[in-house]
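Me: I should like to learn how to read a protein model, one feature at a time. May we begin with the structure itself in view?

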Amino acid sequence: MSTKWDTRFLGLAAHISGWSKDPSSQVGAVITDGNRIVSLGYNGFAAGVQDSDERLTDRHCKLNLTIHAEENAMIFAKRDLRGCTVYVTHPPCPRCASKLIQEEVGRIVYISPSEDFLSRWADDLKLSHEMYQEAGTEISAYEIDQINIGNTRVTVAPGGFFTAVLGNFLDPGKKS
């Protein structure tokens, strides 16, 4: 897959992340087969489960109720994902990495995490990378400045990580 398609699908994942109601972590995922979209997903509670402010702001409760973006995309795919590519706005956690490997996804592409994100999740990401290496799963990471906002046609959703980060590309004088 070319950089052009990678950045388009990462841009789409960033757009989809804005659909999440999580006030602190909005994650989006796109599964493709070549340059055709197979499925989309974002992090959130299961259908029919009340996503009240009380639950969304209670970290323990939220973590137990949340289906990750990658998981949602796999659930909605309703097909064999062998050889597909998953584009995700954040590096997958070990929980999702193991499921992506089990589904025999061929490639995982994500936006390189910020130093703040790494300060909290570096050990988990190291474990995910070890699993990818052992399973022979290809990974690619793009720095946020490699994503061509004009090319991806990203609409930056209010709130969350991408308003601050991508907003700087839309308005270079703005500080996050």
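Me: Which way do the side chains of E5 point, and are they buried or exposed?

Reply: The general idea is that side chains in a regular strand alternate between the two faces of the sheet. In this predicted model, Thr-85 and Tyr-87 point one way from E5, whereas Val-86 and Val-88 point the other way. All of these residues are buried.

Me: Which strands does E5 pair with, and in what sense?

Reply: Strand E5 covers residues 85-88 and is joined by four bridges to strand E6, residues 107-111; E5 and E6 run parallel. With E1, by contrast, E5 pairs in the antiparallel sense, again over four bridges. Individual residues can be placed opposite one another as well. Thr-85 stands opposite Arg-107 in E6, and Tyr-87 stands opposite Val-109 in E6. Towards E1, Val-30 stands opposite Tyr-87.

Me: How many strands form the sheet, and in what order?

Reply: Five strands form an open sheet, and their order is E2-E1-E5-E6-E7. The pairing is mixed. At the edges are E2 and strand E7 (138-142), each of which pairs on one side only. From one strand to the next, the twist averages 20°.

Me: What lies across E1, E2, E5, E6 and E7?

Reply: Helix H1 lies across these five strands, E1, E2, E5, E6 and E7. Its direction is at about 140° to E1. One residue of H1 to look at is Thr-7. Thr-7 has a relative accessible area of 3%, so it counts as buried. A polar atom of the Thr-7 side chain lies 3.1 Å from the backbone oxygen of Lys-4.

Me: Which residues form an aromatic cluster?

Reply: Trp-5, Phe-9 and Tyr-87 form one aromatic cluster. Tyr-87 has already appeared as a residue of E5 that is buried. Trp-5 also has a charged companion: the charged end of Arg-8 sits over the ring of Trp-5, 4.7 Å from the ring centre.

Me: How many aromatic pairs does a search of the whole structure find?

Reply: The search finds four aromatic pairs. One of them is formed by Trp-19 and Tyr-42, whose ring centres are 5.9 Å apart. Their planes are at 90°, and therefore the pair is edge-to-face. Trp-19 belongs to the loop between H1 and E1, while Tyr-42 belongs to strand E2 (residues 36-42), so the pair ties together parts that are 23 residues apart in sequence.

Me: Why are Trp-19 and Tyr-42 called partly exposed?

Reply: The term applies to a relative accessible area between 20% and 50%. Trp-19 has 43%, so it is partly exposed. Tyr-42 has 33%, so the label applies to Tyr-42 too.

Me: Where is Ser-20 found, and is it buried or exposed?

Reply: Ser-20 is found in the loop between helix H1 (3-17) and strand E1 (28-33). With a relative accessible area of 4%, Ser-20 is buried. If residues up to four places away in sequence are not counted, Ser-20 touches Ser-25, Gln-26, Tyr-42 and Asn-43. A polar atom of the Ser-20 side chain lies 3.0 Å from the backbone oxygen of Asn-43. The C-alpha atoms of Ser-20 and Gly-44 are separated by 5.9 Å, although these residues are 24 positions apart along the chain.

Me: What does the side chain of Ser-128 reach?

Reply: The side chain of Ser-128 reaches the backbone oxygen of Pro-92, at 2.9 Å. Ser-128 has its place in helix H6 (residues 115-135). It counts as buried, because its relative accessibility is 0%. Leaving aside neighbours within four places in sequence, the contacts of Ser-128 are Pro-92, Cys-93, Pro-94 and Ala-97.

Me: How many helices and strands are there in the protein, and how may its burial and contacts be summarised?

Reply: The protein has eight helices and seven strands. Of its 176 residues, 41% count as buried. Among contacts with a separation of 6 or more, residues 24 or more positions apart account for 60%.

Technical notes. Residues numbered from 1 in each chain as written. Predicted model: local features only at pLDDT ≥ 70, side-chain atom pairs only at ≥ 80, totals over all residues. Heavy atoms only, no water. Helix = DSSP H or I, 4+ residues; strand = E, 2+ residues; numbered from the N terminus. Buried < 20%, exposed > 50% of the residue type's maximum accessible area, 1.4 Å probe, protein only. Contact = heavy atoms within 4.5 Å. Polar contact = N/O pair within 3.5 Å; in protein donor to acceptor, adjacent residues only side chain to side chain. Phe/Tyr/Trp six-rings, centres within 6.5 Å; stacked < 30°, edge-to-face > 60°. Lys NZ or Arg CZ within 6 Å of the ring centre and 35° of its normal. Pairing = 2+ DSSP bridges. Axes fitted to C-alpha atoms, helices over the stretch in contact; angles between N-to-C directions.
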